Amino acid sequence: RGGGAPRVGAAGDDEPADVDEAMACVDATAAFYSRTLRRKEGVGGAARSYLRARGIAASTAMAFGLGAAPPDGAPAELPLETLEKAGALVPGTSRDRFAGRLVMPIRDASGRAVAFGARSLRDDRRPKYVNSPTTAVFSKSLALFGLDVAAPHIRRHDQVVLVEGYFDVLALHDVGLKHVVAVLGSSPTPYQIERAARFADSRRVVFALDADSAGRAAIDRLCRDVLPALHESAGLDLRLAALAPDDKDAADFVQRRRRDGLDDRQITLEFLTTVVDPAAPWTLRLPLPDDHLH
């Protein structure tokens with residue numbers, strides 16, 4: 001149970017040699033970004049400062065293979081062909097699509113990088129997040145961030161907590177809550193949900209999505225369009241957690257309590273007892289039929 005995610009691109013018919021070559025290119029690019037993060041000067045220092053400001057320890061950054069992309073053009077250390085096959089170039093240019101950003105490798109269950117997500121180091125830069133395009137080895141609707149790190153903890157806790165964003169995973173992992181994966185900032189797909197559940201004998205998935213209106217709308221769509229079929233066909237134990245309105249997401253939950261002086265053990269205990277453990281079966285949040293809304 002729990003082998004690597006399928007390596008598919010848009011067409012799904014890539015030759016094995018193409019897949020192996022693409023994986024090698026992503027690996028080489030991930031290693032370069034990781035080296036860049038460790039450099040004291042330039043974007044590496046800025047990215048490490050950003051991580052410290054978000055409360056992410058160096059050990060967590062290392063566990064997830066975080067990196068940084070230089071701000072100017074494509075890195076000279078890597079051939080353009082390698083960057084292109086890794087999905088790191090802006091199409092038709094020699095410019096790194098992640099330039100000047102904190103880079104988060106998206107890895108399969110075996111720990112091999114298949115793609116990247118990248119976050120601006122300034123809140124005023126748009127878009128805030130950039131993801132790899134679909135490639136021979138990556139499709140956003142199939143991938144889960146943090147699965148390789150979380151898998152043994154999901155087995156031990158016999159459940160998985162599904163969140164929206166990269167920093168939700170990083171922040172929870174940082175305080176010791178490690179059976180958590182993210183859906184790359186979008187609504188969970190049936191494949192992602194079933195994939196995450198595969199590592200728990202109970203097949204329990206606890207959704208702890210953002211507490212804003214978009215997160216609530218995502219939950220409503222899940223209850224209406226996705227979860228009924230999964231419940232019937234896959235026999236999953238699907239539960240909905242509720243963050244308090246003041247905690248916009250899991251990362252904010254952690255940051256707010258650190259500012260209040262709680263230590264990591266206390267924060268983990270509070271998240272488990274107030275968010276995860278009370279999570280209710282999804283059937284209690286079934287949306288009303290359309291004719292009841294008028």
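**Salt bridges and helix packing in the predicted model**

At 33% relative accessibility, Arg-35 is classed as partly exposed. In this predicted model, the side chain of Arg-35 is joined to that of Glu-77 by a salt bridge, with an N to O distance of 3.4 Å. The two partners come from distant parts of the chain, 42 residues apart: Arg-35 belongs to helix 1 (residues 16–38), whereas Glu-77 lies in the loop between strand 1 (67–68) and helix 4 (80–85). Glu-77 is likewise partly exposed, its relative accessible area being 44%; this value falls between the limits of 20% for buried and 50% for exposed residues.

The salt bridges of the model number 17. One of them pairs Arg-119 with Asp-123, and the closest N and O atoms of this pair are 2.8 Å apart. Arg-119 has a relative accessibility of 4% and therefore counts as buried, the cut-off for that class being under 20%. A further salt bridge connects Arg-224 and Asp-225, with 3.0 Å between the closest N and O atoms. Arg-224 is partly exposed at 48% relative accessibility, and Asp-225 is also partly exposed, with a relative accessible area of 48%. In addition, Asp-247, Arg-256, Arg-257 and Glu-270 are linked by salt bridges into a network.

Two members of this network, Arg-257 and Glu-270, also appear among the residues through which helix 9 meets helix 10. The axes of helix 9 and helix 10 (residues 264–276) come within 10 Å of each other and cross at roughly 135 degrees. Helix 9 and helix 10 are therefore oblique to each other, since an angle must exceed 145 degrees to count as roughly antiparallel. Their crossing is right-handed. On the side of helix 9, the contact involves Ala-250, Phe-253, Val-254, Arg-257 and Arg-258, which meet Asp-264, Ile-267, Glu-270, Phe-271, Thr-274 and Val-275 of helix 10. By class, the residues of this contact comprise 6 nonpolar, 1 polar and 4 charged.

Helix 9 (residues 250–259) also packs with helix 6 (residues 166–175), at an angle of about 45 degrees and with the axes 7 Å apart. Helix 6 and helix 9 are therefore oblique as well, because an angle has to be under 35 degrees to count as roughly parallel. The crossing of helix 6 and helix 9 is left-handed. Helix 6 contributes Phe-167, Asp-168, Ala-171, Leu-172, Asp-174 and Val-175 to the contact, while helix 9 contributes Ala-250, Ala-251, Val-254 and Arg-258. This contact has 7 nonpolar and 3 charged residues, and no polar ones. Ala-250, Val-254 and Arg-258 of helix 9 take part in the contact with helix 6 and are likewise found in the contact with helix 10.

Asp-174, one of the helix 6 residues in contact with helix 9, lies 8.5 Å from Ser-59, C-alpha to C-alpha, although 115 residues separate the two in sequence. Ser-59 is part of helix 3 (residues 58–63). With a relative accessibility of 56%, Ser-59 counts as exposed, the threshold for this class being over 50%.

Terms used. Residues numbered from 1 in each chain as written. Predicted model: local features only at pLDDT ≥ 70, side-chain atom pairs only at ≥ 80, totals over all residues. Heavy atoms only, no water. Helix = DSSP H or I, 4+ residues; strand = E, 2+ residues; numbered from the N terminus. Buried < 20%, exposed > 50% of the residue type's maximum accessible area, 1.4 Å probe, protein only. Axes fitted to C-alpha atoms, helices over the stretch in contact; angles between N-to-C directions. Parallel < 35°, antiparallel > 145°, perpendicular 65-115°, else oblique. Left-handed = near helix turned anticlockwise from the far one by under 90°. Contact = heavy atoms within 4.5 Å. Nonpolar A, V, L, I, M, F, W, Y, C, P; charged D, E, K, R; others polar. Salt bridge = Lys/Arg side-chain N within 4 Å of Asp/Glu carboxyl O.
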